Amino acid sequence: MIEIVIAGLFVFAIVIALVALEIRDLLAATIALSTFSFTAALLYVVMDAVDVGFNEAVLGAGVTGAIMIMAVARTQRRSRD
Amino acid sequence: MRVASAGILGAFLLVLLAAAGGMPAFGVPDAPAAQHVARYYLEHAYHDTHTPNVVTVMIGDYRSFDTLGEVMVVFAAGLACTLLLLPAAGDGRVPRVLHRKENLIAEVVTRLMLPAVQIFALYVVFHGHYSPGGGFQGGALLAASIILARIVLGRDGSQAVFPTRLARPLGGVGVLVYAAIGIIPLGAGGAFLQYDLLPLGMAPDMLRNWGILGIEIGVALTVMGILVSIFDDVSMGGQ
């Protein structure tokens, strides 16, 4: 059972990372990246690395998202490449 | 070009998947990584430092010098952000995202959450000896609470929570606290960061316990100050 959950988390992490790379709207990309970080935090907790998961949840899913949203707000929302 | 890069990535994926079969299974005790120093740490950590959380002992005691380097990297990264973003100071206006939102619900919820998050952050710092957590996590939580205040209460409304001009000095103070705890044992003829020679008049294992707490506080100050400093630089251009 737990193996299925872990495999599902890995697949979701890969999919959401590809979404963050490919999407044109930078705000949506930031949110996808935060979601990826939260998935990674869940994976760390499942693998008994609670300290690392804690850091990933606070920094990756929280603070980094806020900083990147600020950068998007001060530049532009559409990616041009 | 796209097809080529996808092909290269796919080839690497196949190599990695093929190599993953040769790795030891997750968590087995006879994996190569668990054969040498890991066993010593697990068997001696509590006796050496009177601290049940082996992860904290690893980060704060056995590999303390490594952690000092990490804290300095955090500090240097914050300074680099400041240097890069200073020229972007622009016309000095507060960007619209950092105006106070006239939203009663968000403001009340934020004012209720701030003390809870900050108390929990202090708990994470000071309880890192016994439960998951420590300086990095607690400092990040403190920074997250201040960033929440910046976003909801606006730049000017959140200066009372934590002033912008204090962020970078606080990052430096954290590094100095850490380095000072490392230097004090040198005066007693010990090695850099040898906590059991701190002049506090306690048993060696308790001295190492308190030494870990001291450096965790330094780490928390640096992480908190630098994260807030980076956020303020990105959102206000280092004004």
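**Reasoning about terms in a two-chain model**

Mentor: In this predicted model, the loop between α2 (37-49) and α3 of chain B contains H50(B). The phi of H50(B) is positive, about 60°, although this residue is not a glycine.

Trainee: Why does H50(B) count as partly exposed?

Mentor: H50(B) has 19 C-beta neighbours inside 10 Å. A residue is buried at 20 or more and exposed at 12 or fewer. The value of 19 falls in between, and therefore H50(B) counts as partly exposed.

Trainee: How do you know whether L193(B) is buried or exposed?

Mentor: Within 10 Å of L193(B) there are 22 other C-beta atoms. The cut-off for a buried residue is 20 or more, so L193(B) is buried. L193(B) is found in the loop between α7 (164-187) and α8 of chain B. Its phi is positive, about 65°, although L193(B) is not a glycine.

Trainee: What makes α3(B) roughly perpendicular to α8(B)?

Mentor: The axes of helix α3 (residues 54-62) and helix α8 (residues 204-236) of chain B cross at roughly 80° and come within 9 Å. Angles of 65 to 115 degrees count as roughly perpendicular, so the term applies to α3(B) and α8(B).

Trainee: Which residues make the contact of these two helices?

Mentor: From α3(B) come T56(B), G60(B) and D61(B), and from α8(B) come R208(B), I212(B), I215(B) and E216(B). By class, this contact has three charged, two polar and two nonpolar residues.

Trainee: What makes G60(B) count as polar or nonpolar in that contact?

Mentor: Gly is placed among the polar residues by the definition used, so G60(B) of α3(B) counts as polar.

Trainee: How is the span of α3(A) set against the expected value?

Mentor: Helix α3 (residues 50-74) of chain A has 25 residues and reaches 35 Å from its first C-alpha to its last. The span expected at 1.5 Å a residue is 36 Å, and the value found is close to that. This helix nevertheless bends by about 30° at T64(A).

Trainee: What describes chain A as a whole?

Mentor: Chain A has three helices and zero strands, in the pattern α-α-α along the sequence. Buried residues make up 30% of its 81 residues. Its C-alpha trace spans about 45 × 25 × 15 Å along the principal axes.

Trainee: How many residues of chain A are in contact with chain B?

Mentor: On chain A there are 14 such residues, which meet 18 residues of chain B. The side of chain A that touches chain B has ten nonpolar, two polar and two charged residues.

Technical notes: Residues numbered from 1 in each chain as written. Chains lettered and ligands numbered in written order. Predicted model: local features only at pLDDT ≥ 70, side-chain atom pairs only at ≥ 80, totals over all residues. Helix = DSSP H or I, 4+ residues; strand = E, 2+ residues; numbered from the N terminus. Expected span 1.5 Å × (residues − 1). Bend = angle between axes of the 7 residues up to and from the residue. Contact = placed C-beta atoms within 7 Å. Axes fitted to C-alpha atoms, helices over the stretch in contact; angles between N-to-C directions. Parallel < 35°, antiparallel > 145°, perpendicular 65-115°, else oblique.
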